[in-house]
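This briefing introduces the fold of one protein chain to a reader who is new to structural description. Please keep the sequence and the structure in view while reading.

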Amino acid sequence: MKRISLEVLCLVLAALPQAGFAQSQVFELPRINGTLLDWCYNWGAECGKPAADRFCVLNDYAEAVDFGEKPGPLGEPTMLISDGRLCEADDCGTFEYIACEGNPGAVADPEPAVTTRFEAPAFNGIRLDWCYEFAAQCGEASADRFCSSQGFAGASAWQIEENVGHSITLATGKECVAGKCDGFTYIDCTK
């Protein structure tokens with residue numbers, strides 16, 4: 001009888017979560033929404049650990065415990081984790097890897113997801129263009145960057161509205177006045 005009890009106890013202990021043991025994960029060439037993470041948190045500032053830490057927190061880890069730099073040229077753009085801006089120059093760097101550690105979900109002050117809908121979103125008082133840059137990075141890219149500019153993590157839903165008449169790109173402020181400019185009916189931004 002004692003042998004059966006010991007076997008049951010071992011099975012129960014094996015099934016319990018490893019409370020108190022830090023969880024960890026290594027992210028190779030980390031990306032945000034499919035774009036390489038930039039080496040710097042802000043444009044040319046707070047490089048390395050600040051950007052790595054924020055990436056880990058966004059992935060439900062407490063902090064970055066190790067990381068390696070991969071300097072440019074990379075052959076593709078990188079994205080700043082602070083505001084979603086793209087760096088497309090040859091000197092933009094990324095991370096070779098980021099090692100995150102800490103219990104997933106044990107980040108201080110976890111906030112529930114908050115979604116806000118922006119109807120007919122505008123930038124500088126003009127309807128936001130469907131494309132982030134003129135005729136490039138359209139739809140999701142433009143919606144995500146709009147949400148980042150409003151203090152949100154990204155866009156969770158959006159809808160195109162064709163022929164809004166007059167629109168403006170978020171990247172450069174270039175205006176479309178040809179009358180066949182596309183914009184958004186709405187963008188749902190999530191924190």
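Is Cys47 buried, partly exposed or exposed? Cys47 has a relative accessible area of 31% and is partly exposed, because this value lies between the limits of 20% for buried and 50% for exposed residues. The model discussed here is predicted. The points below begin with the chain as a whole and then turn to its sheets, cores and disulfides.

**The chain as a whole**

- The chain has 191 residues, of which 35% are buried.
- Its secondary structure consists of three helices and 18 strands.
- The accessible surface amounts to about 11,000 Å², and carbon and sulfur atoms hold 53% of it.
- Among contacts with a separation of 6 or more, 72% join residues that are 24 or more positions apart.

**The sheet of three strands**

- Three strands form an open sheet in the order β1-β9-β6, and their pairing is antiparallel.
- The edges of this sheet are β1 (24-28) and β6 (63-70), each of which pairs on one side only.
- On average, neighbouring strands here are turned by 10° against each other when direction is ignored.
- The antiparallel strands β6 and β9 are joined by seven bridges.
- Phe67 has Ile98 in β9 as its bridge partner.
- Helix α2 lies across β1, β6 and β9, and it runs at about 125° to β6.

**The sheet of four strands**

- A further open sheet has the order β2-β3-β7-β8, with mixed pairing.
- The strands β2 (31-32) and β8 (86-87) are at its edges; each has a single partner strand, so one side of each is left without a neighbour in the sheet.
- The strands β3 and β7 (residues 78-79) run parallel and are joined by two bridges.
- Leu36 stands opposite Thr78 in β7.
- Thr35 belongs to strand β3, which covers residues 35-37.
- Thr35 counts as buried because its relative accessibility is 16%, under the limit of 20%.
- Beyond its neighbours within four places in sequence, Thr35 is in contact with Pro30, Pro77, Thr78, Met79 and Leu86.

**The nonpolar cores**

- As a general background, nonpolar side chains in soluble globular proteins tend to be buried together.
- In this model, the largest nonpolar core has 17 residues, and those with the most contacts inside it are Leu37, Phe55, Cys56, Ile81, Phe95, Ile98 and Cys100.
- Both α2 (49-58) and β9 (94-101) supply at least two residues of this core.
- The largest share comes from α2, with four residues.
- Another core, of 13 residues, lies apart from this one; its members include Trp130, Tyr132, Cys147 and Ile187.
- Leu37, one of the residues with the most contacts inside the largest core, reaches many parts of the sequence: neighbours within four places aside, its contacts include Pro30, Ile32, Ala51, Phe55, Met79, Ile81, Phe95 and Ile98.

**The disulfides**

- A disulfide is a covalent bond between the sulfur atoms of two cysteines.
- Six disulfides are found in a search of the whole structure.
- With bonded cysteines counted along the chain, the pattern is 1-2, 3-6, 4-5, 7-8, 9-12, 10-11.
- Cys40 and Cys47 form one of these links, with their sulfur atoms 1.9 Å apart.
- The link of Cys40 and Cys47 is right-handed, with 85° about the S-S bond.
- Cys40 is buried because its relative accessible area of 9% is under 20%, whereas Cys47 is partly exposed at 31%.
- Cys87 and Cys92 form another disulfide, with 1.6 Å between their sulfur atoms.
- The link of Cys87 and Cys92 is left-handed, with -60° about the S-S bond.
- Cys87 counts as buried at 12% relative accessibility, and Cys92 is buried with a relative accessible area of 4%.
- Cys176 and Cys181 are also joined by a disulfide, and their sulfur atoms are 2.0 Å apart.
- The torsion about the S-S bond of Cys176 and Cys181 is about -85°, so this disulfide is left-handed.
- Cys176 and Cys181 are both buried.

How values were computed. Residues are numbered from 1 along each chain as its sequence is written. This is a predicted model: local features need pLDDT of at least 70, side-chain atom pairs count only at pLDDT 80 or more; totals for chains, interfaces and linings use all residues. Side-chain values use heavy atoms; hydrogens and water are left out. A nonpolar core is a set of buried Ala, Val, Leu, Ile, Met, Phe, Trp, Tyr and Cys residues joined through side-chain atoms within 4.5 Å. Buried means under 20% relative accessible area, exposed over 50%, partly exposed in between (1.4 Å probe, protein chains only). Contact means heavy atoms within 4.5 Å. Accessible areas come from the Shrake-Rupley method with a 1.4 Å probe; for residues, only the protein chains shown count as cover. Two strands pair if DSSP finds at least two bridges between them. Axes are lines fitted to C-alpha atoms, for helices over the stretch in contact, and angles run from 0 to 180 degrees between N-to-C directions. A disulfide is a pair of cysteine sulfur atoms within 2.5 Å.
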